[in-house]
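Colleague: Could you take me through this model slowly, giving the general idea before each case?

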Amino acid sequence: MTSADIDQIVTHPVPERLLKSPDFPTPHVDSMEKYKAMWKESVEKPKEFFGKLATDLLSWSKPFQTVTHGSFEKGDVAWFLEGELNASYNCVDRHALKTPDKIAIIHEGDEPDKVRRITYGELLRDVCRMANVLKSLGVRKGDNVAIYMPMVPEAIVGILACARIGAIHSVVFAGFSAESLRDRVMDSSARVILTSDEGRRGGKNIATKRIVDDALRDRETPVEHVIVLRRTGTPVPWENDRDLWWHEEVAKARTFCSPEPMNSEDPLFLLYTSGSTGAPKGILHTTGGYLLGAAATVKYIFDYHENDIFACMADIGWVTGHSYIVYGPLTLGATTVLFESTPTYPNPSRFWNLIEKHKITQFYTAPTAIRALRRLGDEWVEGIDLSSLRVIGSVGEPINPEAWDWYNEKVGKGKCAVVDTYWQTETGSIIVSPLPGATPTKPGSATFPFFGIDPVILDPTTGKVMDVVDETGVLAIRQPWPSMARSVYNNHSRFMETYLSPYPGYYFTGDGASRDKDGYIWIRGRVDDVINVSGHRLSTAEIESALVHHETVAEAAVIGGFDSLTGQCIHAFVTLKPHIEATEDFLTKELTLQVRKIIGPFAAPKRIYIVNDHPKTRSGKIMRRVLRKIVDNEHKQLGDISTLADPSVVAVIIEKVHGPV
Ligand code: PRX
């Protein structure tokens, strides 16, 4: 969007219904003045602000003395230093003790009539049992456990069981291939993997255990045991000295396991994410600060109140699932919805029926899903009672104003707060977003920083703060906040190089952003080689490496093109080794399979072009900028290509992509 486009955007006031209706609770922050005052205090007096919040929202077995310590320069950020707490105690026990019969998890199965409700009392027993199983297998504080599971309550049980005994969980999205899973298991030295015989999604069975078997085949791995949940009952191959049935093991286990007291800075989990170079990074989050960020954002950004039914549609394999299905809602004692299916199964009313059936109050999904459902027509959302909703959220990629308007009008009926929430795996919880009762919204803008976040827009070349309206620079954060990642697992120097060294004194997000005349923040997308397809974060380098692993490929260049449904899509330009005698059709199919096999189905390129050469500088560097302009139909504005080693390559590629001119 240009600044002229931004000027056309209509500002939406806070819906009256949220502030005035006797049927609704008063928002925690109910005016812009209040937000501003709280934000000012949070960045100017973080010790007071977060010290109080951490005492209000979390239970500590040993109180902290020092609220915050360390700096970006030194890369030694720490929060609530001497404090001890346990994340599973905070998410389960304290609620189970007070309100054992309150529903903790509503599981809406793949088939709409398959609903399971799990109370806090039941969750405590299940978590304790699994924690005891892990202990009986020798898993101890500081050990790693990988979780490769479908969207079933046992996945949450597994996560919390690890947290209970101080094991570090590393959830791997169950759409990742065997090879990706193996890389993550090896990097994290996981001793145990939790999985299921199969998963169910959109009416289909997914061979989860088979992928785990493939990941562990023919290689020395650190994995001693695989615990297998029976989800579909389909027979699966079995390794007697390695595999264990979940139901058999928990049946043997005691129903209480005392929570391990963890230092606030002890690791809670790893989550692998793609960066611009090299292998995926194991982003490390610690206990106290992370938990506080997750809980505080549910409270303020989703305006959570007791008895709300909170529904986040993400997968637990991504950070959104960690913070907004598991840790945030459960820390506050909420009822969280775990959705196993897809937005269109068995038909495109699925989300809306889900809201009506469970009387959901907060609903959180991604722009891609909103765009896809909008395209399928309003009839799927009309006539369904969505009046329980107060806050509807969007996450993972920029939301275009058309999709925002549709979400606001058709789903929110113009009466809900729409929160476009900006954050990252590394930030742990939302860092830029409106607050429901306070912030007038502009479709397409994530608006203002959350408490404790002091964002700046830097000139990418000089690193100086840009105080200019509507100019795009890089988004950086000026001071540490509690839920930020602490490191890259076993690679702190990579953490420093990626986030803290590029602009000394700042955390670098990797996103471009601008501020408009009213101070609203507009996120402009990644400035590095990360592509965002349907909110899935992928690195061009990873896809290129998967392609060049194929025996026919000499060199590959991958770029993100514009896509009106998925935001971005993957285009791959591939050159072949000499004497390859296969048809293009055959090769593109082969190469697509190659990416699916090495990374996972969601990383498959939309288009693969077999080309004779890439546009390269004289020093041999591929100019991806040129390829990007060609696929986005901007090849008339290529700029200066005289520095290319062979400028004639460009015309050939244009013809390949757009056909003869
Ligand atoms: O580019 C930004 C985009 O998603 C990236 C983070 O991806 P990931 O770590 O997978 O986490 C996704 C869920 C938090 C960011 O660097 N992004 C995320 N939310 C938004 C967004 N871009 C624009 N607007 C958003 N609301």
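**Helix, sheet and ligand**

Modeller: Helix α12 is followed by Gly-333, whose phi is positive, near 75°; helices (H or I, at least four residues) and strands (E, at least two) are DSSP runs, numbered from the N terminus. This is a predicted model, in which local features need pLDDT of at least 70 and side-chain atom pairs count only at pLDDT 80 or more, while totals for chains, interfaces and linings use all residues. Residues are numbered from 1 along each chain as its sequence is written, and side-chain values use heavy atoms, with hydrogens and water left out.

Colleague: How many residues of α12 are buried?

Modeller: Buried means under 20% relative accessible area (1.4 Å probe, protein chains only), and in α12, which spans residues 319-331, 13 of the 13 residues are buried.

Colleague: Which strands lie at the edges of the open sheet?

Modeller: Two strands pair if DSSP finds at least two bridges between them. Here four strands run in the order β21-β22-β24-β25, with antiparallel pairing, and the edge strands, each paired on one side only, are β21 (455-458) and β25 (521-526). Within the sheet, β22 (residues 473-477) and β24 (residues 507-515) pair over four bridges, and Ala-476 stands opposite Phe-508 in β24.

Colleague: Which side chains make polar contacts with oxygen atoms of the ligand?

Modeller: A polar contact is a pair of N or O atoms within 3.5 Å. A side-chain N or O atom of Thr-425 lies 2.6 Å from a ligand oxygen atom, and a polar side-chain atom of Asp-511 lies 2.5 Å from an oxygen atom of the ligand. The elements giving two or more residues to the shell around the ligand are β20 (417-421) and β25.

Conventions
Buried < 20%, exposed > 50% of the residue type's maximum accessible area, 1.4 Å probe, protein only. Polar contact = N/O pair within 3.5 Å; in protein donor to acceptor, adjacent residues only side chain to side chain.
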